[in-house]
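Work through the exercises below with the structure open beside you, and try each task before you read its solution.

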Amino acid sequence: MVGNGKMNPSSEAEERGMKSLLKWAAKYGIEVSESCSSLGLGHCLGVSWFPGAGGRGVAALRPISKGELLLKVPKSALITTDSLLSRDETLSLALKAHPSHSSTQVFTVCLLYEINKGKASPWHPYFLHLPHSYSILATFGELETQALQVDYAIWAAQKAVTKAKYEWEQAFTLMKELKLKPPLLTFRAWIWATGTISSRTLHIPWDEAGCLCPVGDLFNYAAPTEDPDSFENVENWQNEHAKDDLDIHHSQRLTDGGCEEDVAAYCFYAKKNYNVGEQVLLSYGTYTNLELLEYYGFLLEDNPNEKVFIPLDLDMYSLSCWPKESLYIHQNGRPSFALMCALRLWATPLQQRKSIGHLAYSGCPISKGNEIYVMKWIGKKCDALLKEMPTSVEEDKSLVHLMDKMEEYENLGEWVKKASAVFGGEFGDNNILKAAYGVEGDDELTSLVRTKMLIDRWKLAVQWRLMYKTVVARCISYCTDIVNSLSTQ
């Protein structure tokens with residue numbers, strides 16, 4: 001896992017903070033234990049640190065079997081719009097005067113209002129444990145956005161920022177009426193709250209905004225391993241992608257647990273067998289890396305659900321009966337079922353499409369010549385795409401490596417000077433320094449924190465584009481192998 005909103009291990013202070021959180025959780029009926037571990041959860045789990053694998057996470061303290069109940073968080077401990085409204089008549093009355101806000105906007109306002117109470121909030125110890133910042137797409141500035149390099153990713157980042165600003169402006173009047181403290185009225189506070197909700201909420205059936213689940217949000221993510229393109233005919237493909245049309249972000253936020261009314265708790269279950277010391281992971285649903293970055297602020301280096309999109313001619317889209325979202329390249333470089341069907345039909349002479357179109361729609365190769373033509377076209381398209389990119393795969397790898405070595409430099413200026421000498425353009429006119437120190441009124445410490453956050457986001461952007469280019473390169477190899485194999489038959 002690359003990048004996340006979890007806190008880094010720092011000192012004894014952090015461990016004391018975690019113990020304090022678990023002590024608070026015990027008062028709410030969340031099963032914690034200090035007999036088997038100083039940071040124990042339930043009867044079989046412990047909070048631990050996993051470098052390079054999500055950071056702070058949950059470890060198995062004994063062998064765990066697939067399907068075993070891992071943890072129960074009582075419904076009374078969950079933070080939802082309803083639970084916050086039921087405790088505060090002022091908040092409830094204020095919201096009734098603003099009925100047009102979305103469920104997520106309402107939850108965001110409620111969360112900020114509850115935080116505004118400080119120690120008077122029963123969830124104050126949990127709020128103290130939350131990350132101070134997130135790296136979701138809505139936090140991306142112009143520098144990080146352009147660093148993505150790929151048009152549809154840049155557009156996704158710009159859209160996320162625009163949406164967040166629009167929703168904040170819509171809710172601003174309500175927040176002023178609720179007399180939130182000035183720092184909680186800012187766009188920065190709104191982004192933090194939306195980042196908390198986007199990256200940490202779990203699905204509940206009665207509110208599409210979801211719930212915050214103290215302690216239950218310590219689990220890190222594991223991608224579902226089912227191949228979304230592993231079907232043999234059109235009927236299976238259509239059934240599979242009918243599911244994809246659902247709003248996965250809300251309807252399948254967590255596939256390894258849920259709120260169970262009979263026990264009035266959110267229950268978590270093991271998705272596989274675990275050995276002692278192994279990190280226990282949960283799946284939040286099926287996401288591409290761009291979607292993980294948008295909602296959660298991290299990437300998976302090996303994401304089986306990754307989808308890479310390449311530009312296609314307009315007539316290719318018009319010929320296809322499949323949605324654009326199904327015309328992609330898998331992480332292993334293999335073109336998707338729908339993409340191959342569309343391109344086989346496109347490569348067929350116009351006068352023959354009606355008579356043999358059924359072969360294309362069923363996923364069958366039309367002819368050896370057609371298959372070779374399609375594979376060559378995809379390979380050339382991918383090759384041209386890589387050549388048009390501002391940086392190469394190797395340059396991106398070197399840049400990521402240099403970012404990993406940043407702490408070895410005495411100050412940021414020395415690191416930027418080194419990077420500028422090697423990579424040039426991306427560091428032109430000290431773009432990093434300008435973006436980091438361009439906010440007036442910040443003291444030195446605030447500027448350093450802002451710089452670290454910016455570089456973390458920028459690194460995620462570079463890592464995303466590197467993964468994109470890697471898949472495109474794999475596709476070239478895949479197509480070349482197919483052409484060579486067919487040519488020798």
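**Exercise 1. A hairpin**

Find how β6 and β7 are connected and how they pair.

*Solution.* Begin with the connection: β6 and β7 form a hairpin, and two residues lie between them. Next, look at the pairing, keeping in mind that this is a predicted model: β6 covers residues 201–204 and β7 covers residues 207–212, and the two run antiparallel, joined over three bridges. Finally, pick out one of the bridges, in which Ile204 has Asp207 of β7 as its partner.

**Exercise 2. The chain as a whole**

Describe the protein chain by its secondary structure, its buried share, its contacts and its surface.

*Solution.* First count the elements, which come to 20 helices and 13 strands in the protein chain. Then turn to burial: of the 489 residues, 51% are buried, where buried means a relative accessible area under 20%. For the contacts, take those in the protein chain with a separation of 6 or more; residues 24 or more positions apart account for 70% of them. Last comes the accessible surface, about 23,200 Å², and carbon and sulfur atoms hold 53% of that area.

**Exercise 3. A sheet of three strands**

Work out the strand order of the open sheet that contains β10, and explain why β5 and β9 stand at its edges.

*Solution.* Start from the general idea that the strands of a sheet pair through backbone hydrogen bonds, in either a parallel or an antiparallel way. In this open sheet the order is β5-β10-β9, and the pairing is antiparallel. Because β5 (69–74) and β9 (257–260) each have a single partner strand, both stand at the edges, and one side of each is left without a neighbour in the sheet. Neighbouring strands here are turned against each other by 20° on average, with direction ignored.

Now take the two pairings in turn. β5 pairs with β10 (residues 265–269) over five bridges in the antiparallel sense, and within this pair Leu69 stands opposite Tyr269 of β10. β9 and β10 are also antiparallel, with four bridges between them, and here Glu260 is placed opposite Ala265 of β10.

**Exercise 4. Positive phi values**

Locate Ala264 and Lys179, and state for each its phi and its exposure.

*Solution.* Ala264 lies in the loop between β9 and β10, and these strands form a hairpin with four residues between them, in which Ala264 takes a positive phi near 50°. Its relative accessibility is 38%, so Ala264 counts as partly exposed.

Lys179 lies in the loop between α7 (151–177) and α8 (182–185). Its phi is near 60°, again a positive value in a residue other than glycine. With a relative accessible area of 70%, Lys179 is exposed, since exposed means over 50%.

**Exercise 5. Two helix pairs**

Classify the packing of α14 with α15, and then that of α7 with α9, from their angles.

*Solution.* Helix α14 (residues 337–346) packs against helix α15 (residues 353–361) at an angle of about 165°, and their axes are 9 Å apart. Angles over 145 degrees count as roughly antiparallel, and α14 and α15 are therefore roughly antiparallel to each other. The crossing of α14 past α15 is right-handed. Among the residues that make the contact are Phe337, Cys341 and Trp346 of α14, together with Gly357 and Tyr361 of α15.

For the second pair, the axes of α7 and α9 (residues 187–200) come within 10 Å and cross at roughly 110°. This makes α7 roughly perpendicular to α9, because the range for that class is 65 to 115 degrees. The contact includes Val161, Trp168 and Met175 of α7, and Phe187, Trp190 and Ile191 of α9.

**Exercise 6. Two aspartates**

Decide whether Asp88 and Asp404 are buried, partly exposed or exposed, and describe where each one lies.

*Solution.* Asp88 is in the loop between α2 (81–85) and α3 (89–96). Its relative accessibility is 11%, so Asp88 counts as buried. Leaving aside neighbours within four places in sequence, Asp88 is in contact with Tyr113 and Lys117.

Asp404 belongs to helix α17 (residues 393–404), and its relative accessible area of 47% makes Asp404 partly exposed. Asp404 and Lys459 are 55 residues apart in sequence, and from C-alpha to C-alpha they are 9.2 Å apart in space.

Definitions and conventions
Residues numbered from 1 in each chain as written. Predicted model: local features only at pLDDT ≥ 70, side-chain atom pairs only at ≥ 80, totals over all residues. Heavy atoms only, no water. Buried < 20%, exposed > 50% of the residue type's maximum accessible area, 1.4 Å probe, protein only. Contact = heavy atoms within 4.5 Å. Areas by Shrake-Rupley, 256 points an atom, 1.4 Å probe, with all protein chains shown as cover. Pairing = 2+ DSSP bridges. Axes fitted to C-alpha atoms, helices over the stretch in contact; angles between N-to-C directions. Parallel < 35°, antiparallel > 145°, perpendicular 65-115°, else oblique. Left-handed = near helix turned anticlockwise from the far one by under 90°.
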